[in-house]
Amino acid sequence: EGQLLQRLRQRLGPDVPIVATLDLHANITDKILANADIICGYQTYPHLDHYQVGYRSAVLVAEKLAGKNLVMARATIPMMAPAHGYTTTAGGLKKLMENGWIDVEI
């Protein structure tokens, strides 16, 4: 993803907002952070929140185009949870995701 975003940035220049939507288990690299203006992650597995991720992405692009200063940050968590065999609809991953929710207005 970082290489793709870098190529897009080179072609589009610094003034065109680039949004990346990624799995909740994505490896967000320095190259991704350097070349995307906005990163929105899916909150469900299987991915049931396509609309919500697209909506959140569109709202953030509109805010960026309106001049709002958006900030991205990355935190690395010492955890490994394989995507296969887990779901956010039941079990341990559901509990983990529920504990991670914070109320953020978009």
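In the predicted model, Arg74 is partly exposed, with a relative accessible area of 39%. The side chain of Arg74 meets that of Asp30 in a salt bridge, with an N to O distance of 2.5 Å. This pair links distant parts of the chain, as Asp30 is in helix 2 whereas Arg74 is in the loop between helix 3 (50-65) and helix 4 (91-100), 44 residues apart. Asp30 has a relative accessibility of 54% and therefore counts as exposed, the cut-off for that class being over 50%. The value of 39% for Arg74 falls between the limits of 20% and 50%, which means that Arg74 is classed as partly exposed.

The pair formed by Asp30 and Arg74 is one of the salt bridges in the model, for which the count comes to 5. Another of these joins the side chains of Arg9 and Asp37, at 2.6 Å from N to O. Arg9 lies in helix 1 and Asp37 in the loop between helix 2 (30-35) and strand 2 (38-41), so this salt bridge ties together parts of the chain that are 28 residues apart in sequence. Both Arg9 and Asp37 are buried.

A further salt bridge is found within helix 4, where Glu98 pairs with Lys94. The closest N and O atoms of this pair are 3.5 Å apart. Glu98 and Lys94 are 4 residues apart in helix 4, so about one helical turn separates them. Glu98 is partly exposed, with a relative accessible area of 45%, and Lys94 is also partly exposed, with a value of 30%. Elsewhere, salt bridges with shared partners join Arg9, Asp37 and Lys64 into one network.

Nonpolar side chains were also examined at the surface. Leu4, Leu8, Leu12 and Val16 make a nonpolar surface patch of about 320 Å². Among them, Leu8 is placed in helix 1, which spans residues 2-12. Leu8 has a relative accessible area of 34% and is partly exposed. Membership of a patch requires a relative accessible area of over 30%, so the value of 34% for Leu8 meets this condition. Helix 1 thus holds Leu8 of the nonpolar patch as well as Arg9 of the salt bridge with Asp37. Leu8 is partly exposed, whereas Arg9 is buried.

Definitions and conventions. Residues numbered from 1 in each chain as written. Predicted model: local features only at pLDDT ≥ 70, side-chain atom pairs only at ≥ 80, totals over all residues. Heavy atoms only, no water. Patch = residues over 30% accessible without salt bridge, like charges linked within 9 Å, V, L, I, M, F, W, Y side chains within 5 Å. Areas by Shrake-Rupley, 256 points an atom, 1.4 Å probe, with all protein chains shown as cover. Salt bridge = Lys/Arg side-chain N within 4 Å of Asp/Glu carboxyl O. Helix = DSSP H or I, 4+ residues; strand = E, 2+ residues; numbered from the N terminus. Buried < 20%, exposed > 50% of the residue type's maximum accessible area, 1.4 Å probe, protein only.
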